[in-house]
Protein chains: 2
Amino acid sequence: MPRDGLLTRKQIVAAADELFYSQGLHAVSVDAIADKAGVTKKTFYNHFKSKDDLIGSYLEARDRPTIDRFKEWAGNEGSVADRMVRFFSKLASASQGPRWNGCGFMRATAEFANMQGHPAITTARVHKARCEQWLLNMVTEEGHADAETIARALMVLIDGAVSQVLIHRDAKYATSAGFAARSLVSKGQLASDTPDGKNQS
Amino acid sequence: MPRDGLLTRKQIVAAADELFYSQGLHAVSVDAIADKAGVTKKTFYNHFKSKDDLIGSYLEARDRPTIDRFKEWAGNEGSVADRMVRFFSKLASASQGPRWNGCGFMRATAEFANMQGHPAITTARVHKARCEQWLLNMVTEEGHADAETIARALMVLIDGAVSQVLIHRDAKYATSAGFAARSLVSKGQLASDTPDGKNQS
DNA sequence: GTCTATACACAGATAGAC
DNA sequence: GTCTATCTGTGTATAGAC
């Protein structure tokens, strides 16, 4: 039966997402992706000019859902410290799922670390910057001094927690990251007074 | 001229180190490594039973030098807070070198994330555990409560800093990690009193 | 005009035979 | 140390079907 062009493209990206995320970028062939998507290679190359092109689209498609999930994990209630502890606690549970394999962006960067212009690198960079912006807004709203530094440090904790959990397959690294995040944002780091004490532990 | 067997093996591992670390594990072929080492593939397969075997040896060879460098960066003077700030400052400079491409162990884990038994995974895990043990000794010596949690959080900061610097190619993520490390180990985390105040910022 | 199906070019991969 | 077996990779070409 005839296909809708946009649907076909989405199916290819969906197939790529499953295979790339689980097995890695170099480890998965265009053939395997076309097969899983139920299209021929001819169709594949009709929609994407190369495998690298697909890699860029794969990561772009993960950007927004990933950040949405992060926002959901952190929630909107309580101090930044509360939100980050909650975030890392959710990360700890999510990482125990059978399909969890760390951060697709970081793994893409790891595979193409020496290719500065590659879509994997540029797309990952944009995604991480968007994550950091989300944290920066949160930290700034709470009135922290040196909000940029704190936001960067929180990004470091997130990526580091994901990496350590991936290597050891042990969720307690996420919990420890939550502990560090709380110590970072809950102790005398405020530029303004907070007489209601909402940031005191 | 005839070669010494152990020397040949070392040359192969040295060639693998240069190529694997700069380009990644899947991206480099056995041919390229044998070429760079100046041996034939026959010789290569005489010393290693497979590429995966070589990958394991490549990472094993990086274990000790990496940890020695970490110890050198941190130094032996001052509080844990001082050492970690110094460590991240050294990481910031080192990451600006032209050949720097993040952590080989983390990148190996990223490439083989779905292959639990692979030498890349098991070797990386052992290495990271050794790093953590070094930190744990340091933190324990200073008398911190919950030393295990702090050591894990410091590992999270190290791996996270390396990842973020790799993605953005911007050393200020390492500096921010140092800031977070100091807040983690210098504020009321001690189990015992420290009347000399050496941990007060 | 987008898809399927198949075949093909050509380079490169791992591994091993001679 | 060379040479080759066998497979797999990306990307293209040639068919025709809905």
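These legends accompany close-up views of a predicted model with protein chains A and B and DNA strands C and D.

**View 1. Chain A is built from nine helices and zero strands.**
Let us start with the fold of one chain. From the N terminus on, its elements run α-α-α-α-α-α-α-α-α. The C-alpha trace of chain A spans about 65 × 35 × 30 Å along its principal axes. Of the 201 residues in chain A, 54% are buried. Contacts between residues at least 6 apart in sequence are also worth a look: in chain A, 65% of them join residues at least 24 apart.

**View 2. Chain A and chain B meet through 44 residues of chain A and 44 residues of chain B.**
About 4,000 Å² is buried between chain A and chain B, and carbon and sulfur atoms give 63% of that area. Look for A:Val156, A:Ile167 and A:Phe179, which together supply 16% of the area that chain A buries against chain B, more than any other three residues. The count of salt bridges between the two chains is zero, while 15 residue pairs, both at pLDDT 80 or more, are in polar contact across the interface.

**View 3. Helices of chain A line the side that touches chain B.**
The elements giving two or more residues to this side are α1 (5–23), α6 (104–111), α7 (119–141), α8 (147–168) and α9 (172–185) of chain A. Among them, α8(A) gives the most, with 15 residues. By class, the residues on this side of chain A divide into 19 nonpolar, 15 polar and ten charged.

**View 4. DNA strand C has 19 protein residues around it.**
The ones that come nearest are A:Thr8, B:Val30, B:Lys41, B:Tyr45 and B:Lys51, so both protein chains appear in this list. Four helices each supply at least two residues of the surface near DNA strand C: α1 and α3 (41–47) of chain A, and α2 (30–37) and α3 (41–47) of chain B. Here α3(A) gives the most, with four residues. The surface near DNA strand C has three nonpolar, nine polar and seven charged residues.

**View 5. Residues of both protein chains approach phosphate oxygens of DNA strand C.**
From chain A, a backbone N or O atom of A:Gly38 lies 3.1 Å from a phosphate oxygen of the strand. From chain B, a polar side-chain atom of B:Ser29 lies 3.2 Å from a phosphate oxygen, and a backbone N or O atom of B:Lys51 lies 3.1 Å from one. Among the atoms of DNA strand C within 4 Å of the protein, 62% belong to sugar or phosphate and the rest to bases.

**View 6. DNA strand D is surrounded by residues of chain A and chain B.**
Chain A brings A:Val28, A:Ser29, A:Val30, A:Asp31, A:Lys41, A:Tyr45, A:Ser50 and A:Lys51, and chain B brings B:Thr40 and B:Lys42. Sugar and phosphate account for 50% of the atoms of DNA strand D that come within 4 Å of the protein. In chain A, α2 (30–37) and α3 each supply at least two residues of this surface, whose residues divide into three nonpolar, three polar and four charged.

**View 7. A:Lys41 approaches a base of DNA strand D, while A:Val30 and A:Tyr45 approach phosphate.**
A polar side-chain atom of A:Lys41 lies 2.6 Å from a base oxygen of the strand. A backbone N or O atom of A:Val30 lies 2.9 Å from a phosphate oxygen, and a polar side-chain atom of A:Tyr45 lies 3.0 Å from a phosphate oxygen.

Definitions and conventions: Residues are numbered from 1 along each chain as its sequence is written. Chains are lettered from A and ligands numbered from 1 in the order in which they are written. This is a predicted model: local features need pLDDT of at least 70, side-chain atom pairs count only at pLDDT 80 or more; totals for chains, interfaces and linings use all residues. Side-chain values use heavy atoms; hydrogens and water are left out. Contact means heavy atoms within 4.5 Å. Buried area is the accessible area (1.4 Å probe) that two parts lose on being put together, summed over both. A salt bridge is a side-chain nitrogen of Lys or Arg within 4 Å of a carboxyl oxygen of Asp or Glu. A polar contact is a pair of N or O atoms within 3.5 Å; within protein, one must be able to donate a hydrogen and the other to accept it, and residues adjacent in sequence count only if both atoms are side-chain atoms. Ala, Val, Leu, Ile, Met, Phe, Trp, Tyr, Cys and Pro count as nonpolar, Asp, Glu, Lys and Arg as charged, and the others, Gly among them, as polar. Buried means under 20% relative accessible area, exposed over 50%, partly exposed in between (1.4 Å probe, protein chains only).
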